[in-house]
Amino acid sequence: MPYTDMTDVALQNALVTQQSRLQAFTQRELSLNMARGKPSSAQLDLSLALLDTLSSTSDYYAEDGTDCRNYGVLYGLPEARRLMATLLDDDPEHVLVGGNSSLSIMYDLLAEFWLFGTLGSAPWNTLPKVKWLCPVPGYDRHFAITESFGMEMIPVPLSDDGPDMDLVETLVSDDDTIKGIWCVPTYSNPSGITYSDDTVRRLAAMKCAAEDFRILWDNAYCVHHLFDETDTQEHVLDIARTCLQAGNPHRACKFASTSKITFPGAGIAAMAASEQVLAEVASHMGVRTIGYDKLNQLRHVRFLQDAHGIATHMSKHAALIRPKFELVWSMLENGLKDTDCTWTKPRGGYFILFQGPQGTAHRIVELAASAGVKLTAAGAPFPLGIDPNDAFIRLAPTLPTEDELKSALEVFICCAQIACIEAELAQRA
């Protein structure tokens, strides 16, 4: 029976039952982690052969004869630029290959804008105020970057088609202190939505009061499909070409990495932008490095090879991940069907976005921690960690084994039940 239809006495009895279950879980002294979207050990094992791709002195040379053990090649090996262009949906000449982290490239790019401006604009740190648009629920590490520079972050609701474009267009049209927007266009973190073509076109063509407005387009999950069938794999319209067609060739800066394709700590990352923006980035990058790890670039090219190789490799990831997502959906449906809780069923990516009744997210996370299950902090999908409704929790199913995941979900469902009952009793009181 739905909690809203139960008598006060029945609710109190249900609360006691769930509290007893939680106490039993606590006594098991669990230590389970669903806080971050990390690949499992089984997923990491899929890329072990990458470590053996360089085995003799003849292996250390790129296709243009570059000795990858030495200095140089700031933009990255030609074959590495070509490989990463498939993830960035761009031309290799518009791609710069960096280190292992796309977040580092994003941070460095904003630091350059902050200190030096871009394409002749004033350095942002000389301005009285800088604002940034943050689609919510969104990616906490994106928000942390803009927060670290002291930018004012403006939450923008995220629908199934992408950011609320009516609001975005209104905000940017007459406020030149708004300098950019974060976007995770495919299987967005954490909701799993994919931007519609109309949203992409409107982002590309909208009139911005700030001439140096930038779209930071994070292609983090562009090949992370959960299902192999072509008709269920989502793809997004290319933002760079759309911006070019709209007369805004410098607006989009795109990012991607192999972090959840090969090894998160030892992958390769890249960005794509217009030739002018890329040259500007390289001029600053060249001051602090002579070149990134070309041996790692070469390893990845020889292991993944091309777009087909990436797709084949990612289908192996999907085979390991998909049962975990299906387990989450099944257990939530069975355990919380009589509550007001909802959750997403994305076709790809790494997360499931859970929404409980207003005012329950912190309580659920707190209760789960008391029973040994670590979840992403409540409020994390919002700037400054402030969810105005205290309702959203990001679930990350990939790291635990299926048995561990089942145990963690049993605890989570129990905690959600308790929080829902408490919320219903509080509302009646």
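The exercises below, each with a worked solution, concern a predicted model.

**Exercise 1. The sheet of S10, S11 and S13**

Determine the order of the strands in this open sheet and state which strands stand at its edges.

Solution.
- Start with the order: the three strands run S10-S11-S13, and their pairing is antiparallel.
- Then count partners. Strand S10 (342-343) and strand S13 (392-395) each have a single partner strand, so they stand at the edges and one side of each lacks a neighbour in the sheet.
- Next, take the pair of S10 with strand S11 (residues 352-355): two bridges join them in the antiparallel sense.
- Within this pair, tryptophan 343 lies opposite phenylalanine 354 in S11.

**Exercise 2. Strand S9 and its partners**

Find which residues of strand S9 (residues 269-272) point the same way, and decide whether they are buried or exposed.

Solution.
- In a regular strand, side chains alternate between the two faces of the sheet.
- Apply this to S9: Ala269 and Met271 point one way, while Ala270 and Ala272 point the other way.
- All of these residues are buried.
- Now add the pairing. Strand S2 (residues 95-97) pairs with S9 over three bridges in the antiparallel sense, and valine 95 is opposite alanine 272.
- Strand S8 (residues 252-257) is also antiparallel to S9, with four bridges; here phenylalanine 255 is opposite methionine 271.

**Exercise 3. Cysteines**

Work out how many disulfides there are, and explain why cysteine 253 forms no bond with cysteine 243.

Solution.
- The cut-off for a disulfide is a pair of cysteine sulfur atoms within 2.5 Å.
- By this rule there are zero disulfides.
- For cysteine 243, the nearest cysteine sulfur belongs to cysteine 208 and is 9.3 Å away.
- For cysteine 253, the closest cysteine sulfur is that of cysteine 243, at 9.5 Å, which is too far for a bond.
- Finally, check burial, for which the cut-off is under 20% relative accessible area. Cysteine 243 has 0% relative accessibility and therefore counts as buried. Cysteine 253, also at 0%, counts as buried for that reason.

**Exercise 4. Cavities**

State how many cavities of 30 Å³ or more the whole structure contains, and describe their linings.

Solution.
- The search finds two such cavities.
- The largest has a volume of about 70 Å³. Its lining has 13 residues, of which Pro135, Gly138, Tyr139, Trp182 and Val184 are the closest to the centre.
- Helix H5 (140-148) and strand S6 (178-183) are the elements that give two or more residues to this lining.
- By class, the lining of the largest cavity holds nine nonpolar, four polar and no charged residues.
- The second largest cavity encloses about 40 Å³. Its lining consists of Val223, His224, His225, Leu226, Met314, His317, Ala318, Ile321 and Gly349.
- Sorted by class, that second lining has five nonpolar, four polar and no charged residues.

**Exercise 5. The largest nonpolar core**

Identify the residues that touch the most other members of the largest nonpolar core, and the element that supplies its largest share.

Solution.
- In soluble globular proteins, nonpolar side chains tend to be buried together.
- The largest nonpolar core here has 55 residues, and Phe354 and Leu395 touch the most other members.
- Elements that give two or more residues to this core include helix H1 (8-27), helix H11 (307-336), S11, S13 and helix H13 (402-428).
- The largest share, 14 residues, comes from H13.
- Link this to Exercise 1: Phe354, one of the two residues with the most contacts to other members, is the residue of S11 opposite tryptophan 343.

How values were computed
Residues are numbered from 1 along each chain as its sequence is written. This is a predicted model: local features need pLDDT of at least 70, side-chain atom pairs count only at pLDDT 80 or more; totals for chains, interfaces and linings use all residues. Side-chain values use heavy atoms; hydrogens and water are left out. Two strands pair if DSSP finds at least two bridges between them. On a 1 Å grid over the protein atoms alone, a cavity is a set of points where a 1.4 Å probe fits but cannot get out, and a pocket is an open set with protein on both sides within 12 Å along at least five of seven lines; lining residues have an atom within 4 Å of a point. Grid points are joined across faces, edges and corners, and a volume is the space filled by probe spheres set on the points. Ala, Val, Leu, Ile, Met, Phe, Trp, Tyr, Cys and Pro count as nonpolar, Asp, Glu, Lys and Arg as charged, and the others, Gly among them, as polar. Buried means under 20% relative accessible area, exposed over 50%, partly exposed in between (1.4 Å probe, protein chains only). A nonpolar core is a set of buried Ala, Val, Leu, Ile, Met, Phe, Trp, Tyr and Cys residues joined through side-chain atoms within 4.5 Å.
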